[in-house]
Amino acid sequence: MVAAANDPPSERLRQAQELKTAKKLEQAIAAYVAVLHEPSTNEQIIKEQEFAIIHLGELYRDLGLAQELATLIRSSRSFMGAIAKAKTAKLSNAIHYLVRTLIDYFGGIPNCLPLQIDVCKETIDWSVQEKRIFLKQSLETRLVALYLDNKMYHESLTLISQLLKELKRLDDKMVLVEVQLLESRVCHALRNLPKSRAALTSARTSANAIYCPPLLQAELDMQSGVLHSEEKDYKTAYSYFFEAFEGYSSQDDTKAVLALKYMLLCKIMLNLPEDIHAILSGKMALRYSGADIEAMKAVASAHQNRNLQEFETALATYTHELNDDPIIRSQLAALYDTLLEQNLVRIIEPFSRVEISHIAEAVKLPTQQVESKLSQMILDKTFHGILDQGAGCLIIFEEPEEDKTYESAIETIKQVDKVVSSLYQKAAKLS
């Protein structure tokens, strides 16, 4: 029955498809709705109605009609209820496919996440009433992902805990991997990195026991790369992002661009911006050229030139591409900090005493921000000096020679201890 969603099973639905293709959308919607209003009396009508539901949902998604899509999902439950209880896997899969597809259509409509969560909850309640356990678990897994997108972390963890108990009892490894991966993401979002790593390890262990689809394997590799980048292990992170990029690219998934961006980010953080051209000239990477890749190239260029102004211009020009992703944002914040330190050290290097206003003018930043950064660098012992706030100056000292008196004294005491211990042992033998 799922295959019926691809080819029109009747002449009237073929005409509806032609209206849709010709952009006569109101007439196409009316044609699909007319099919859905008929009673589900035989298998042919059921096939037609399944086709109509899927393609009407597509239309509502493309037109951005979130409320109409929600109404369609609610009304389609009566159609699915009219189908006899699934005695075969084929019929059960058809209902599962219908429900998940319709709920996923919300993803193509902006600013409707709360409505999607509400509809998902209602559909879970319906699946419980219909005693469709596998559908319920699938929808609850989707709900966890929606909670994560909506930053409802407490609700995510509560539902994950409940799901893990059920899935371990049923030994459903495939859904278990998805839920454990989501748990890792939620814990990462909450900055609980040890628990995030533990959940990811559990997901990988579960995945090793089954055939893992390419997209799910790519998701696991992506999360592994994210966690390694949090630990500043960019070399290992790059390897995982590369695996994820290949996985997404082989399935023509849109997340391939994100994996490629993370690969470029790792090269920048490893101070290897010259490798970026080689990566982007590769056969697979050429397919994904666009604003996202241009943004990473601009950051790489600024980092290679050690130019703070160029870096800030890249951040301002590509705000959406660089600031909307929390992982890229946090890594670039660290990179900006490092670049600022390098610029400040380069500027103050020739001086023993320099006005803070002169340094601020050189880096084109507010005096207060520069003063705060210089005091932090002094405390971190990046250089030796003091801030004379009364005169508005920075006084730089020569790096003091290391006093080895303490180390020498400790070494002498160790040697004396050995001599005394040796004498004690000899005296013990004599007595």
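The following is an exchange about how some features of this predicted model are assigned.

Me: How do you know that the length of helix H2 fits its residue count?
Reply: H2 covers residues 25-36, which is twelve residues. At 1.5 Å a residue the expected span is 16 Å, and the C-alpha atoms at its ends are 17 Å apart, so the two values agree.

Me: What makes one face of H2 the buried one?
Reply: The buried residues of H2 are Ala28, Ile29, Tyr32 and Val35. Seen down the helix axis, the buried residues fall within an arc of 125°, so they line one face. An α-helix has 3.6 residues a turn, so residues three or four places apart point the same way.

Me: Which helices do the buried residues of H2 pack against?
Reply: They pack against helix H1 (11-21) and helix H3 (43-63).

Me: Why is Glu166 called buried or exposed?
Reply: Buried means under 20% relative accessible area. Glu166 has 15%, so it counts as buried. Glu166 sits in helix H8, residues 153-170. Leaving aside residues up to four places away in sequence, Glu166 touches Lys136, Gln137 and Glu140.

Me: What makes S1 and S2 edge strands?
Reply: The three strands form an open sheet in the order S1-S3-S2, with antiparallel pairing. Strand S1 (353-355) and strand S2 (385-388) each pair on one side only, and these are the edge strands. From one strand to the next, the twist averages 20°.

Me: How do you know that S2 and S3 are paired?
Reply: Two strands pair if at least two bridges are found between them. Four bridges join S2 to strand S3 (residues 393-396), and the two run antiparallel. Asp388 stands opposite Cys393 in S3.

Me: Which helices lie across these strands?
Reply: Helix H19 (residues 356-363) lies across S1, S2 and S3, at about 65° to S1. Helix H20 (residues 367-379) lies across S2 and S3, at about 150° to S2.

Me: What is unusual about phi in Lys364?
Reply: Most residues other than glycine have a negative phi. Phi of Lys364 is near 60°, a positive value in a residue other than glycine. Arg191 also has a positive phi, of about 65°, and is not a glycine. Arg191 is in the loop between helix H9 (173-189) and helix H10 (193-208), whereas Lys364 is in the loop between H19 and H20.

Me: Why are Lys364 and Leu365 classed as they are, buried or exposed?
Reply: The cut-offs are under 20% for buried and over 50% for exposed. Lys364 has 56% relative accessibility, so it counts as exposed. Leu365 has a relative accessible area of 11%, so it is buried. Leu365 lies in the loop between H19 and H20. Leu365 touches Leu308, Glu312, Tyr336, Leu340, Ala360 and Val370, not counting residues up to four places away in sequence.

Me: How do you know that Cys112 is not in a disulfide?
Reply: A disulfide requires two cysteine sulfur atoms within 2.5 Å. The closest cysteine sulfur to that of Cys112 is in Cys120, 12 Å away, so it is too far for a bond. A search of the whole structure finds zero disulfides.

Me: What makes Cys112 and Cys393 buried?
Reply: The limit for buried is under 20%. Cys112 has 7% relative accessibility and therefore counts as buried. Cys393 has 7% relative accessibility and therefore counts as buried.

Conventions. Residues numbered from 1 in each chain as written. Predicted model: local features only at pLDDT ≥ 70, side-chain atom pairs only at ≥ 80, totals over all residues. Heavy atoms only, no water. Expected span 1.5 Å × (residues − 1). Buried < 20%, exposed > 50% of the residue type's maximum accessible area, 1.4 Å probe, protein only. Arc of directions from axis to C-beta. Contact = heavy atoms within 4.5 Å. Axes fitted to C-alpha atoms, helices over the stretch in contact; angles between N-to-C directions.
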